[in-house]
Amino acid sequence: MNLNSRAWHSYDRSWVTIPGLLGAIMAFGVPPAAGSDPVEPLRLVDRVVTQDQGAWVIEYRLRRVGQVGVIATPEEIVAKVEGWVSNSRVASHAVPRWSELAATKPGLAAVSEVIASPDESIRCRERLSVSVWTDDHPPAAGDLLTHGAHRPVDGDALPPIVTPLSLGPGAIVHVRLRLDHQHILQGDYDPLLGARSVEIKLGGATVRDLVALDQEQYLAFPRFTWPEPPEERRDTHHAHSGPDSLHIEAHIPGRQFYRFPERPVRHGARMRLRFWYLVAEGTEGECRVRLAQIKDTPISYRMLTHGSVEECLKSVGRWTKFERIVPIEGEATKITLEFKITGDAEIGEMWIDDVSFEPLGCTGPCGP
């Protein structure tokens, strides 16, 4: 199985247990009375499971198979997901814990307290959010992302859901479940793993499924690249690979240093810092690089002194490559990178080019 690709699972049209890679099971309630339309006229067509960083996205396509149309009001749309969850890569999540979520109106969202604690760095929650739409009434552009996830939202705000839901004979309804791991340190990178039972109710129809979310599809790292320095801080006359480079000037106030924007990092990773530098002849003082690791939570901001890197760039008059392996601390959430010329003389220049900060030694697929 290619873990870096979408895994589609198709089902036949039987009303009994359906074999599949993940051992999926569907149940449709009690049999209909003789001569009547089926009480629960939905059939599971297929399902796609994708990992979106530290979240799971499960998308179902369901078909209306009755002879007449049905309408599901907002009160009749419910999604439930439950199961034992853990992740052996994270010490606090090594022991399986129960997660139970039931999303109903008005927002079709729910939160489960997986690890309760007043300490935000320990507390773990799981959030279920649901989108439902039909082919006739797709969600508005921008409401859903390409990875099957909701766009980032604050609080309980979610993309609109077209209700009441009207399904004619043969109509297709899409149900998308997103399970977010909400943890300050591990939430963005380590999905909660385990078999989940899923129950979806649309009007009088109930679809049940068992989904084995027990293996990560890839090792997640932050989706981030440093932006180019401002144009006034770039020099087109000196560059290692072109068309320009970062220019540090000791004699101009405010330009003796440059700090890149804070960058999110994966806890416990091994990263490689690389760049090329050129120190001008006659530069006085020291040309230095400093990388600092930070634990940033909603209630605190702390420098992690053991994870810092600070070195003097001693080569003068020629482009020189700098490379260091940086172990990321277990509590780190961000890093900062800064270049500067120190000293009282305020004489000298330095150029920096081709800066990169990439994961080292991935044993499997890395990134989405």
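Residue E59 has its place in strand β3, which spans residues 55–64. The model in which it is seen here is a predicted one. E59 has a relative accessibility of 14% and therefore counts as buried, the cut-off being under 20%. Its side chain makes a polar contact of 2.2 Å with the side chain of R176. Apart from neighbours within four places in sequence, E59 is in contact with D46, R47, V48, W133, H174, V175 and R176.

One of these contacts, V175, leads to the nonpolar interior. When residues up to four places away in sequence are not counted, V175 touches I58, E59, Y60, L62, V130, S131, V132, I200 and L202. The largest nonpolar core has 33 residues, and the members that touch the most other members are Y60, L62, V130, V132, V175, L177 and L202. A second core, separate from this one, comprises 31 residues, including Y258, A269, F339 and I341. In soluble globular proteins, nonpolar side chains tend to be buried together.

The protein as a whole may be considered next. It contains 22 strands and zero helices. Of its 368 residues, 46% are buried. Among contacts with a separation of 6 or more, 72% are between residues 24 or more positions apart. The exposed surface amounts to about 17800 Å², of which carbon and sulfur atoms supply 52%.

Two open sheets illustrate how strands are arranged. Strands of a sheet pair through backbone hydrogen bonds, either parallel or antiparallel. One open sheet has four strands in the order β6-β5-β11-β12, and its pairing is antiparallel. Strands β6 (97–103) and β12 (205–213) stand at the edges with a single partner strand each, so one side of each is left without a neighbour in the sheet. On average, neighbouring strands of this sheet are turned by 10° against each other, direction ignored.

The pairings within this sheet can be followed strand by strand. Strand β5 (residues 77–85) runs antiparallel to β6 and is joined to it by seven bridges; G83 stands opposite S99 in β6. Six bridges join β5 to strand β11 (residues 194–202), again in the antiparallel sense, and K80 has E199 in β11 as its bridge partner. Between β11 and β12, which also run antiparallel, there are nine bridges, and the bridge partner of R196 in β12 is V211. The hairpin of β11 and β12 has two residues between the strands, and in this hairpin G203 takes a positive phi near 65°.

The other open sheet has five strands in the order β13-β14-β22-β17-β20, with antiparallel pairing. Here β13 (234–235) and β20 (320–327) stand at the edges, each with a single partner strand, so one side of each lacks a neighbour in the sheet. Two bridges pair β13 with strand β14 (residues 245–249) in the antiparallel sense, and D235 stands opposite S245 in β14.

Some backbone details deserve attention. Most residues other than glycine have a negative phi, and most peptide bonds are trans. A cis peptide bond, with omega about 0°, joins G242 and P243, and P243 has its place in the loop between β13 and β14. D354, although not a glycine, has a positive phi of about 55°. This residue D354 lies in strand β22 and, at 32% relative accessibility, counts as partly exposed. E346 likewise has a positive phi, near 55°, and is a residue other than glycine. The place of E346 is in the loop between β21 (334–342) and β22 (349–359), and with a relative accessible area of 47% E346 is partly exposed.

A final residue to consider is R288, which is found in strand β18 (residues 286–297). At 17% relative accessibility, R288 counts as buried. A polar contact of 3.4 Å joins the side chain of R288 to that of E310. Leaving aside neighbours within four places in sequence, R288 is in contact with E310, E311, C312, L313, E338, F339, K340, T342 and M350. Among these, F339 is included in the second nonpolar core. R288 and F257 lie 31 residues apart in sequence, with their C-alpha atoms 9.3 Å apart in space.

How values were computed:
Residues numbered from 1 in each chain as written. Predicted model: local features only at pLDDT ≥ 70, side-chain atom pairs only at ≥ 80, totals over all residues. Heavy atoms only, no water. Core = buried A, V, L, I, M, F, W, Y, C linked by side-chain atoms within 4.5 Å. Buried < 20%, exposed > 50% of the residue type's maximum accessible area, 1.4 Å probe, protein only. Contact = heavy atoms within 4.5 Å. Pairing = 2+ DSSP bridges. Axes fitted to C-alpha atoms, helices over the stretch in contact; angles between N-to-C directions. Areas by Shrake-Rupley, 256 points an atom, 1.4 Å probe, with all protein chains shown as cover. Polar contact = N/O pair within 3.5 Å; in protein donor to acceptor, adjacent residues only side chain to side chain.
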